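Dear colleague,

Please find below the structure that I am handing over to you. My notes on what was found in it follow directly after.

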Amino acid sequence: MLQCNILSSPVIAMSPADCTTYSDADVVSETPTRGPLAVSLVLTALAMGGFAIGITEFAAMSVLPDFASGLGVDEPTAGHAISAYAAGVVVGAPLLAAFGARLPRWILLIVLMGLFAAANTLSALSPNFETMLVFRFLSGLPHGAYFGVAALVAASIVPLKFRTRAVSTLLMGLTLATVLGVPVVNLISQAHGWRWAFGIVGMLAVLTMTLVALFAPRDPAHPDASPLRELKALKNRQVWLTLGVSAIGFGGMFAVYAYLASTLREVTGVGPEVLPWVFAVFGVGMFSGNLLGAWAGDRFGFKAAAGVLIWSAASLALYPLASHHLWSMLVIVLCVGAGGGLGAILQTRLMDVAGEAQTLAAALNHSAFNTANALGPLLAGAAVAAGFGWGSTGWVAVGLTLGGLAIWLWAWLDGRVSRPPVTAA
């Protein structure tokens with residue numbers, strides 16, 4: 001089915017980029033079928049899951065020295081637990097999304113959160129580092145599939161022109177975790193031990209299961225849903241190009257974020273008491289960028305991704321220059337964080353190009369996101385190790401962001417060539 005983003009009634013000559021292809025099962029109506037309160041309750045339930053996932057992803061970094069000491073390993077070794085979680089996301093997103101396609105989405109969300117709750121609770125009870133690695137890998141498995149399925153549910157309950165805003169509300173749970181959840185959990189962990197960081201996430205996951213059971217729409221699974229049907233997404237060049245924008249373009253933000261604390265200490269010259277405030281500013285930037293990116297995505301579609309990437313490249317180019325003064329770092333860190341608004345735009349783009357393989361394509365976006373999480377720090381770390389200094393992380397970040405912009409241009413041009421022109425009367 002072909003549906004075009006017509007926001008007014010006059011006759012409009014439209015380009016192929018203004019139109020969206022959906023399967024009959026995944027079409028989003030221009031007329032909402034639920035009232036504002038019902039929509040808010042669904043989005044709140046979905047965002048609670050994003051909040052829990054955000055805490056376990058970022059709080060694990062903040063309590064790393066504590067669980068390293070508690071489990072008898074050094075901090076570089078303890079960092080493998082972070083990598084194990086990321087590996088779980090990359091592996092679990094396509095597998096769980098594909099094999100869960102036969103389930104109604106609300107049930108699949110509960111199952112995914114159940115696995116997430118169990119794995120995080122087991123992480124809190126880990127008797128040694130070896131079991132900790134296993135449980136962190138298991139914790140990462142549902143991450144991408146949850147966000148992918150939840151994004152489809154969020155988009156399905158609002159009019160077409162508000163899809164990106166609905167997806168951004170889901171992702172807002174993740175950004176709020178960086179601003180509020182992680183500092184609070186960190187304080188609790190300092191007072192009562194690192195195991196509480198993972199135990200709290202387990203409790204939040206159970207709360208999410210309850211809210212989803214109460215408020216999520218009871219839409220049935222598509223009668224033709226199957227893993228093979230979902231795997232059709234992998235034949236679509238536009239899906240791969242959109243994932244490439246995410247995997248490369250987002251790598252720039254992570255190249256800087258991973259070494260932000262080191263840069264602040266070694267270049268800016270601030271003490272450890274200042275670091276939480278700078279990271280909070282980054283979280284505020286992500287929160288603001290998520291809102292603005294959602295508005296731009298609904299207004300301009302895939303073109304908005306180019307705007308965010310250009311903004312990010314410009315901000316990251318100023319990062320090495322700003323790193324010598326705290327006040328300038330606060331401004332640039334805020335701007336770099338705002339580049340997180342790219343996420344909702346790309347998530348919505350995948351809905352546009354995935355055809356009948358909606359669940360797998362949506363989940364793969366988070367595999368790509370975690371690929372960026374690995375690639376950015378890897379390349380930036382290599383630059384620092386080669387003797388180019390902490391400021392070089394910014395130049396690596398600019399290169400990755402421009403690489404993402406180049407892939408965006410390829411995807412945009414390819415989309416215009418491969419689709420027939422459409423005229424709306």
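Of the 425 residues in the chain, 57% are buried. Please keep in mind that this is a predicted model. The chain exposes about 17,300 Å², and carbon and sulfur atoms supply 71% of that area. Its secondary structure comprises 17 helices and 4 strands. Among the contacts with a separation of 6 or more, 82% are between residues 24 or more positions apart.

Salt bridges

The count of salt bridges comes to 3. One of them joins Asp352 to Arg163, with the closest N and O atoms 2.8 Å apart. Because Asp352 belongs to helix 15 (residues 342-353) and Arg163 to helix 6 (residues 163-192), this pair ties together parts that are 189 residues apart in sequence. Both partners are buried: Asp352 has a relative accessible area of 12%, and Arg163 has one of 5%.

Helix 6 also contains Arg165, whose side chain meets that of Asp298 in a salt bridge at 2.9 Å, N to O. Asp298 is in helix 12 (residues 275-300), 133 residues apart from Arg165, and the pair thus links distant parts of the chain. Here the burial of the partners is as follows: Arg165 is partly exposed, with a relative accessible area of 34%, while Asp298 is buried, at 13%.

A further salt bridge is formed by Arg237 and Asp414, whose closest N and O atoms are 2.7 Å apart. Arg237 lies in helix 9 (residues 237-249) and Asp414 in helix 17 (residues 392-418), so parts that are 177 residues apart in sequence are tied together by this pair. Arg237 counts as partly exposed at 46% relative accessibility, whereas Asp414, at 13%, counts as buried.

Aromatic pairs and rings

The model has 12 aromatic pairs. Among them is the edge-to-face pair of Trp194 and Phe198, with 6.0 Å from centre to centre and 80 degrees between the planes. Trp194 and Phe198 are both buried. Together with Phe67, Trp194 and Phe198 form one aromatic cluster.

Another aromatic pair, Tyr259 with Trp390, is tilted: the centres are 6.1 Å apart and the planes meet at 40 degrees. This pair links distant parts of the chain, 131 residues apart. Tyr259 is in the loop between helix 10 (251-257) and helix 11 (260-268), and Trp390 is in the loop between helix 16 (358-388) and helix 17. Trp390 is partly exposed, with a relative accessible area of 24%.

Two arginines are also to be noted for their positions over aromatic rings. The charged end of Arg218 sits over the ring of Trp106, 3.9 Å from its centre. That of Arg349 sits over the ring of Phe302, 4.2 Å from the ring centre.

Nonpolar surface

Val90, Val91, Leu95, Phe99 and Phe137 make a nonpolar surface patch of about 440 Å². Helix 3 (residues 75-99) provides the largest share of this patch, with 4 residues. Leu95 is found in helix 3 and, at 44% relative accessibility, counts as partly exposed. Why can Leu95 belong to such a patch? Patch residues need over 30% relative accessible area, and Leu95 meets that cut-off because its value is 44%.

With kind regards

Key
Residues numbered from 1 in each chain as written. Predicted model: local features only at pLDDT ≥ 70, side-chain atom pairs only at ≥ 80, totals over all residues. Heavy atoms only, no water. Helix = DSSP H or I, 4+ residues; strand = E, 2+ residues; numbered from the N terminus. Buried < 20%, exposed > 50% of the residue type's maximum accessible area, 1.4 Å probe, protein only. Contact = heavy atoms within 4.5 Å. Areas by Shrake-Rupley, 256 points an atom, 1.4 Å probe, with all protein chains shown as cover. Salt bridge = Lys/Arg side-chain N within 4 Å of Asp/Glu carboxyl O. Patch = residues over 30% accessible without salt bridge, like charges linked within 9 Å, V, L, I, M, F, W, Y side chains within 5 Å. Phe/Tyr/Trp six-rings, centres within 6.5 Å; stacked < 30°, edge-to-face > 60°. Lys NZ or Arg CZ within 6 Å of the ring centre and 35° of its normal.
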